[in-house]
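Got your viewer open and a selection box ready? Let's take a walk through this one, stop by stop.

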Amino acid sequence: MSRKPALIKLAAALALVAAAPAPVRQPEAPIAVSIDAAHPGPPIERDIFGQFAEHLGAGIYGGIWVGRDSPIPNVRGIRSDVVAALRAIHVPNVRWPGGCFGDEYHWRNGIGPAAQRPVTLNSNWGGVTEPNAFGTEEYMDFLGQIGADAYVSVNIGSGTPREAAEWFEYMTSAQPTTLAKERAANGHPTPYRVKYLGLGNENWGCGGAMSADHYVEEMKRFAHFTRDFNPAQQSGDAAMKRIAVGWDAGSSDYTEAVMKAWHDKVWSWDIDGISLHSYTVGGWPPHLPSTGFGEDDYVKLLKETLGMDGLLARQTAVMDRYDPQKKLMLAVDEWGAWLAPNPGSNPGFLQQQNSLRDAILAALNLDIFIRHADRVRLANVAQMINVLQAMILTDGPKMVLTPTYHVYRLYVPFQGATAIPVRFDAGTYRHGDASLPRVDAVAARDASGTLWLALTNVDPDQPAEIAPEIAGVRLRAATGEVLTAPRVDSVNSFAAPETVAPKPISGTMRGGRLVLTLPPKSVTVVRLQQ
Ligand code: AHR
């Protein structure tokens, strides 16, 4: 039997299918984001937008410090372009001098006439020489220029309580002690303010590989003997806050031991918080590239970074057992993306590019911190300039603002505002076997009463329509800025510094509802108006 009639029938059927109108894709209803303005949450401490600047690669030398004789415009050796950029994001505090560097830092190397300071080795980071040109005075001057508070980590790993105590007497004493007079002779007669004292750094690892119990015994001595003598910081909110080391990147032993010791403590020592370090790495050692990646890496890192929420919840649960009143803070004082070093760079310098993906990663983490605002009251992204997930990249006189920088600028209205609970159906974005929430949202009310909404659309292909709602309130306008770019791996370079830069965005009224269209792969912050 000939197969021709059958073929003709099949062809006719296919023709019919081809001619049939394509099924009409129903437009999705906008995602309702319900803002519970009647039940405000805790304050969002400004300090969760803190930064970390370690003596590492070009983080300090080149990134901040260029020296007084540099042709790069500077004020007392501190580069002016970087200062202006940092002022615009209202940096609340800067953690210094480390990191692993901190537990090998001896403060006396970094004071006095520059020509007389010893040259030492930075054995943690690239084995390069450390000129000690940037020391206590330069750090404090830098903080003054950008308007930030001090977060000074003392050396527990290889230092002594006496060394730390003398450093703090040098910085904070108003009494005419020999150390205070030395500070005056070095140009600063009035005492410095130190808002946070870091009691060591990762003492389970580079800070001396101490057991949790050993660390607790050391930490108590440093907590007692390292005093802040500044008369303006002797009580209340102004008093210096001590941060002990917590979570040891794999177990809660430190968190448990420190919290238990604090719970049972005697009068002679105290702390105000414990730290947590958690990087988004995509596998150790870090090997994922910071440029030229695709959707696989995009999904992988964002999924990993969302693990921050569970980690904070687990550490909070441990802290709650000893401190149900939440007196102590959880300080996420190192976090961010840790990727493969730029090809050709010194691997010990931890230099990486910064993409739109990193901006989204930053926004998701800031949202998590805001949702944990009752416990997370301090956080420091690693690191500020030229290192890891940096705000700013420099090369000689050139400077470029990274996508992460722009997220910090967009979130400025959240600094010190009050968290407002939001409810929404995040939906799902799928890629391969992986799935993650498609959108994220946090809201806050600032001191002037203005309501702010931060929205992240994780989906790299689909826009997301959002309808903000407040019970009993008719919202009329949403205006602000949106950060997006052509690709998830788009970066800002010295040659093309505006590839990833915020642009204005506003909502539109549709059927009596305020609707905002978030572009794919974007971070948006808007003010809501009634
Ligand atoms: O930020 C780089 C390093 O990461 C820090 O020095 C250390 O504390 C952490 O392991």
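**First stop: the parallel strands**

Select strand β5 (residues 93-96) together with β8: the two run parallel and are paired over four bridges. Keep in mind as you click around that this is a predicted model. For a specific link to look at, pick Asn93, whose bridge partner in β8 is Asp149.

Now stay on β8 and add strand β9 (residues 196-199), which pairs with β8 in the parallel sense, again over four bridges. Here the pair to click is Val154 and its bridge partner in β9, Leu199. Is β8 mostly covered or mostly open? Mostly covered: this strand spans residues 149-154, and five of its six residues are buried.

**Next: helix α3**

Move your selection to residues 136-146, helix α3. Ten of its eleven residues are buried, so the helix is largely enclosed by the rest of the structure. The buried set mixes side-chain types: Glu137, Glu138 and Asp141 are in it, and so are Tyr139, Met140, Phe142, Leu143 and Ile146. Thr136 and Gln145 are buried too. Before you leave, check the backbone just past the helix, where Gly147 takes a positive phi of about 80°.

**The ligand site**

Show the ligand and the residues around it: Phe52, Glu54, Gly99, Cys100, Trp125, Asn201, Glu202, Tyr279, Glu334, Trp338, Gln383 and Leu388. Then draw some distances. From an oxygen atom of the ligand to a side-chain N or O atom of Tyr279 you should get 2.7 Å. A polar side-chain atom of Glu202 sits 2.8 Å from a ligand oxygen, and for Gln383 the corresponding distance to an oxygen of the ligand is 3.0 Å. How much of the ligand does the protein bury? Taken alone the ligand exposes 280 Å², and 94% of that is buried by the protein.

**Last stop: the cores**

Which residues touch the most other members of the largest nonpolar core? Select Trp335, Tyr411 and Phe414, out of 132 residues in that core. Then colour helix α10 (residues 356-371), which supplies the largest share of this core, eleven residues.

Zoom in on Tyr411. Setting aside neighbours within four places in sequence, Tyr411 is in contact with Phe49, Ala363, Leu366, Asp367, Ile370, Val442, Ala454, Thr456, Val523 and Val525. To finish, find the other core, which lies apart and has 24 residues, including Ile420, Ala441, Leu451 and Ile505.

Technical notes
Residues numbered from 1 in each chain as written. Predicted model: local features only at pLDDT ≥ 70, side-chain atom pairs only at ≥ 80, totals over all residues. Heavy atoms only, no water. Core = buried A, V, L, I, M, F, W, Y, C linked by side-chain atoms within 4.5 Å. Buried < 20%, exposed > 50% of the residue type's maximum accessible area, 1.4 Å probe, protein only. Contact = heavy atoms within 4.5 Å. Near = heavy atom within 4 Å. Polar contact = N/O pair within 3.5 Å; in protein donor to acceptor, adjacent residues only side chain to side chain. Areas by Shrake-Rupley, 256 points an atom, 1.4 Å probe, with all protein chains shown as cover. Pairing = 2+ DSSP bridges.
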